Amino acid sequence: MLFKFRRKEVPWEVVDSKTIEPVSMYYDEDKDFDIVSVGETDTCGTYVFHVDQLKSAGDLRKAVVFARQQLLQEVGKRGFNVLLSESWNLTLYRRNKRHRVQVNYNGRPAHIEGDLPPLRPPPFMQVLQDSV
């Protein structure tokens with residue numbers, strides 16, 4: 001009987017993790033808009049990015065923004081066009097010289113009729129400044 005041995009894989013090491021709790025994205029000073037429907041539960045998306053060499057915190061910010069865009073596209077398929085509240089969790093992994101970024105992006109989807117309010121950046125992106 002022959003056994004094949006798997007080569008020993010080096011595990012991913014957690015380098016950093018940042019979590020932002022749910023934040024309301026629209027405030028009283030915003031232009032009035034008509035909310036037609038709101039999702040019953042939050043929608044969550046998990047996105048993983050493999051990066052050969054992480055150069056700056058800008059790369060992490062781009063990953064969070066991209067995750068948000070993907071989540072907005074996903075809720076758009078169900079008839080929603082905004083996220084009333086948003087939260088995210090970013091975990092940075094390292095194995096040798098390679099990095100992996102995992103972003104969990106959550107939001108409460110809603111459908112707004114008429115002109116959409118301006119899209120704000122994801123909440124509290126400043127916490128990524130010291131991550132690299």
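**Close-up 1. Seven is the number to keep in mind for charged pairs: this predicted model has 7 salt bridges.** One of them brings the side chains of Arg95 and Glu9 together, at 4.0 Å from N to O. That pair spans distant parts of the chain, with Arg95 in strand S4 (residues 82–95) and Glu9 in the segment before strand S1 (13–24), 86 residues apart. Arg95 is partly exposed, and its relative accessible area is 22%. As background, side chains of opposite charge can pair when their charged atoms come close.

**Close-up 2. Glu13 and Arg94 form a salt bridge through their side chains, with N and O 3.3 Å apart.** Glu13 sits in strand S1 and Arg94 in strand S4, so this pair ties together parts that are 81 residues apart in sequence. Both ends have some access to the outside: Glu13 is partly exposed at 41% relative accessibility, and Arg94 is partly exposed at 31%.

**Close-up 3. Here the side chains of Arg68 and Glu86 meet in a salt bridge of 2.9 Å, N to O.** Arg68 belongs to helix H1 (residues 57–76) and Glu86 to strand S4, so to speak a helix-to-strand link between distant parts of the chain, 18 residues apart. And are these two charged residues buried or exposed? Arg68 counts as buried because its relative accessibility is 5%, under the 20% cut-off. Glu86 is buried as well, at 3%.

**Close-up 4. Zoom in on Asn104, a residue of strand S5 (residues 98–113).** Its side chain makes a polar contact with the side chain of Thr46, at 2.9 Å. Leaving aside residues up to four places away in sequence, Asn104 touches Gly45, Thr46, Ser87, Trp88 and Asn89. Thr46 therefore turns up twice for Asn104, as a polar partner and in the list of contacts.

**Close-up 5. Asn96 has a positive phi of about 55°, and it is not a glycine.** For context, most residues other than glycine have a negative phi. Where does Asn96 sit? Look in the loop between S4 and S5. Asn96 is exposed, with a relative accessible area of 62%.

**Close-up 6. Phe124 is another non-glycine residue with a positive phi, near 55°.** You'll find Phe124 in the segment after S5. Phe124 counts as partly exposed, at 47% relative accessibility.

**Close-up 7. The largest nonpolar core is built from 22 residues.** Which residues have the most contacts inside this core? They are Val64, Trp88, Leu90, Val101, Val103 and Tyr105. S1, strand S3 (43–51), H1, S4 and S5 each give two or more residues to this core. H1 supplies the largest share, 6 residues. In general, nonpolar side chains tend to be buried together in soluble globular proteins.

**Close-up 8. Val64, one of the residues with the most contacts inside the largest core, shown with its neighbours.** Not counting residues up to four places away in sequence, Val64 touches Trp88, Leu90, Val103, Tyr105, Pro122, Met125 and Leu128. Apart from the largest core lies another one, of 6 residues, including Met25, Val82, Ala110 and Ile112.

Key: Residues numbered from 1 in each chain as written. Predicted model: local features only at pLDDT ≥ 70, side-chain atom pairs only at ≥ 80, totals over all residues. Heavy atoms only, no water. Helix = DSSP H or I, 4+ residues; strand = E, 2+ residues; numbered from the N terminus. Buried < 20%, exposed > 50% of the residue type's maximum accessible area, 1.4 Å probe, protein only. Polar contact = N/O pair within 3.5 Å; in protein donor to acceptor, adjacent residues only side chain to side chain. Contact = heavy atoms within 4.5 Å. Core = buried A, V, L, I, M, F, W, Y, C linked by side-chain atoms within 4.5 Å.
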